[in-house]
Amino acid sequence: MIWEVFRQAKPGKYHQHCGNVHAPDREMAKLFAQIQHGRRMQTNSLWVVPQEEVSEVDSDEAAFGGATDKAYRWAMTYNRVDASFAAEVEESEEEQREAAKAQEEA
Amino acid sequence: MDIEEVKERAGPRAFSPKDDLPEEYRKAATRMIQFHANSEVMGGYLDKQFTRQAPSLDRKLACTAKVQDEIGHAQLLYRAAETLGVKTREEMLDELEAGEGKFLNCFHYPVDSWYEAPMIDFFVDGGAMRRQATLKATSWEPYAHAMDKVCFEEGFHVKHGEDILRELMGSSRANQEKVQKTFDVWWPRIVQFFGPPNKDSKHNDFAQQVGLKTVSNDELRQAFLNAYIPKAEKYGLELPEVPKIEYDERSERYELEYDDLDWEEFWTIAKNDFQGSDEQIGSRRKRHEAVAWVRESMDAWETSQRAPQAAD
Amino acid sequence: MTPLEELLFRLADDEYVIAERYTEWQIYAPTIESDLALANIAQDEFGHARLWYDVLEERGYEEKDLLWERDPEDFRHSTLCELAFEEGDWADPVVRSYLYDTAERLRLEALVDSSEPAIAGRVGKLLSEENYHREHAQSWLERLAEGNESHHRVQAALDRLFPHALSIFEPGEQEKEIVSQGLRTESLDDLREEWFEITIPYLESLGLSVPEPEEVARPDARGRDGSHTADWFDLHESFTATYHELGFDQPTRLRGEGA
């Protein structure tokens, strides 16, 4: 049986998928995962999940974020107003600019 | 962990569902996040009408996308609150419709015109975003994670709101006057958004000691006034005479006369006893109950799907 | 009105009006997750309306002529799109979306090889968003049809909406030219037959009874000729009132660079 492993590097960080292990049950999966995926990289916590319990939807079957122009939901579209008056608005706009770029390139 | 240890260890994202936390912390965090989540839902009851009213197709799309984001924030926040193990989402939503759930003062005032769109979408949202940015450093890790996603999206909301204000104030004299009138009504509520002055706040001290909040009401309000008053003035809005707010050149701060604000109304709202509270909560109750049959039907479906496995 | 314009108005008005109705569910949907999903479908449909209105704008119309200052009698959408929802009747948007989006896919596929490049070039984007709409509607239908009360509600919605859905295929004045010029590669009659072949067996497989298309009482309003139910005139009034009150010079555009 295959178990997917998600590692959190430090408290407060997100758990991110880092690999998987073969194991006959949950207990063994946790034992194997901590060695295989937690021994070298900084690790605070691991989540171990049966692979068959993970459902997937990918970009072959789904149009994530849609296909038509959705510029209205990006801060940068509103270029007649200036975000620099508030650090948090400016920061959000910067994050959105990067996310929109990544989505466009994909 | 006892409460003293919590205070000692409190810091950004210090505690997660794995920590054995005292009830006092879990309850305080639940109260705070539930309030926040409820506010996202109840804000939608105001914002929703702007989709219908929007005067261009693109604006309409922006309005509906914004409401969608707010409901998405409610989803993140109720989940973050559930991780504390005090209440389920269903319990929190039941409390909301029963009039027991608390939410932001500004969302107890029904709206009816497009002139109110920038009040909610620029000033109230701007205030909310200021506050949310500081909550990225809250001690409850799932709450901080929710804030990462919320703050990512909010930049669109605030700029969308400002753009509506810009457009209105750049149009006819009649429109400008109506915006000013609307602003006169909304401004004191917006200033009260950040709650009572620190000295009168019930929950502030504890929330700060355990790291749930990192910035006080007064500091947040100050940062908001410093950023948003110049914006209002830029578009030609005049601050109403009451509450008195004066710029102090020496400290580079706006000094607010707290006693000018209607705190009696604020506390009535805080108890959900305001006339507008009845209207808004009543609308929520009516709408939520009208689709109870769907939730029941899906619960029955879920149970039927589980049954075969349970029999194994 | 040219055949191309008639075709575009039918497409655009359907999408616009059904989206306008879907947004009424925002905040009111049964659960938070279902709220987000239907809101997304509404956004998609508004986006589709915009793509078709854009083609009309390329031919000299302005947004204000297309939406804000157009007489409600000049709108050409199917009456299925315009009907008001009864409070709490979640079965309605589910059934409505199923009937509409199944027809939508068929008609988009009949536009893939349109003789008009502005149409053929846009269809792909729309089709890719439509898959989700149908999957969403069918998933709800299959689950609601299992229950007791929910089954009755779905049946009631189907009984009410089906006669209006037939107006999707109601021809306009230029239907012959639309087909002979190759703007659409299939006739409305053929599309309707295909739609029956898909929807009727599917709905019956869920234990629902589908009204007999030839016998069912049709509403007087057919949508495509500008005749509409009272619900439409109320809706039109409510979404244009603020536009008229504000008196802006131009409806604001918010478009991305690649749009």
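In the predicted model, chain B reads along its sequence as α-α-α-α-α-α-α-α-α-β-β-α-α-α. The count behind this pattern is twelve helices and two strands. The C-alpha trace of chain B spans about 75 × 50 × 35 Å along its principal axes. Its radius of gyration is 21 Å, which agrees with the value near 20 Å that a compact globule of 312 residues would have. Of these 312 residues, 61% count as buried. Among contacts in chain B between residues at least 6 apart in sequence, those joining residues at least 24 apart make up 76%.

The exposed area of chain B is about 12600 Å², and carbon and sulfur atoms supply 46% of this area. The chain carries 42 positive and 59 negative side chains. The centres of the two charge sets in chain B lie 3 Å apart.

Several local features of the chain B backbone were examined. Most residues other than glycine have a negative phi, and most peptide bonds are trans. Against this background, the bond that joins Val242(B) and Pro243(B) is a cis peptide bond, with omega at about 0°. Pro243(B) belongs to the loop that runs between helix H9 (217-234) and strand E1 (245-248).

Positive phi values occur at Arg13(B) and at Asn272(B). For Arg13(B), which is not a glycine, phi is about 55°. This residue sits in the loop between helix H1 (3-9) and helix H2 (23-53) of chain B. The relative accessible area of Arg13(B) is 18%, and the residue is therefore classed as buried, the limit being under 20%. For Asn272(B), likewise a residue other than glycine, phi is near 65°. Asn272(B) is placed in the loop between helix H10 (263-270) and H11 of chain B. With a relative accessibility of 6%, Asn272(B) also counts as buried.

Helix H11 of chain B covers residues 275-290 and contains Glu289(B). The relative accessible area of Glu289(B) is 46%, so this residue is partly exposed, a class that lies between the limits of 20% and 50%. Glu289(B) is separated from Ile3(B) by 286 residues in sequence, and the C-alpha to C-alpha distance between the two is 39 Å.

Chain C has ten helices and zero strands. Its pattern along the sequence is accordingly written α-α-α-α-α-α-α-α-α-α. The principal-axis spans of its C-alpha trace are about 50 × 45 × 35 Å. For 259 residues, a compact globule would have a radius of gyration near 18 Å, and the value of 18 Å found for chain C agrees with this. Buried residues account for 62% of the 259 residues in chain C. Of the contacts in chain C with a separation of 6 or more, 80% are between residues 24 or more positions apart.

About 9700 Å² of chain C is exposed, and 45% of that area comes from carbon and sulfur atoms. The charged side chains of chain C comprise 24 positive and 60 negative ones. The distance between the centres of the two sets in chain C is 3 Å.

Chain C is in contact with both chain B and chain A. The size of an interface is often given as the accessible area lost when the parts come together. Between chain B and chain C, the buried area is about 4400 Å², with carbon and sulfur atoms giving 62% of the total. Within chain B, Arg52(B), Leu57(B) and Trp293(B) supply 19% of the area that this chain buries against chain C, more than any other three residues. The contact set at this interface consists of 46 residues of chain B and 52 residues of chain C.

Between chain A and chain C, the buried area is about 1100 Å², of which 50% is given by carbon and sulfur atoms. On the chain A side, the residues that lose the most area to chain C are Thr68(A), Asp69(A) and Tyr72(A), which together account for 43% of what that side buries. Here, twelve residues of chain A are in contact with 15 residues of chain C.

Definitions and conventions: Residues are numbered from 1 along each chain as its sequence is written. Chains are lettered from A and ligands numbered from 1 in the order in which they are written. This is a predicted model: local features need pLDDT of at least 70, side-chain atom pairs count only at pLDDT 80 or more; totals for chains, interfaces and linings use all residues. Side-chain values use heavy atoms; hydrogens and water are left out. Helices (H or I, at least four residues) and strands (E, at least two) are DSSP runs, numbered from the N terminus. The radius of gyration is taken over C-alpha atoms; the globule rule is 2.2 Å times the number of residues to the power 0.38. Buried means under 20% relative accessible area, exposed over 50%, partly exposed in between (1.4 Å probe, protein chains only). Contact means heavy atoms within 4.5 Å. Accessible areas come from the Shrake-Rupley method with a 1.4 Å probe; for residues, only the protein chains shown count as cover. Lys and Arg count as positive and Asp and Glu as negative; His and the chain ends are not counted. The place of a charge is taken as NZ of Lys, CZ of Arg, CG of Asp or CD of Glu. Buried area is the accessible area (1.4 Å probe) that two parts lose on being put together, summed over both.
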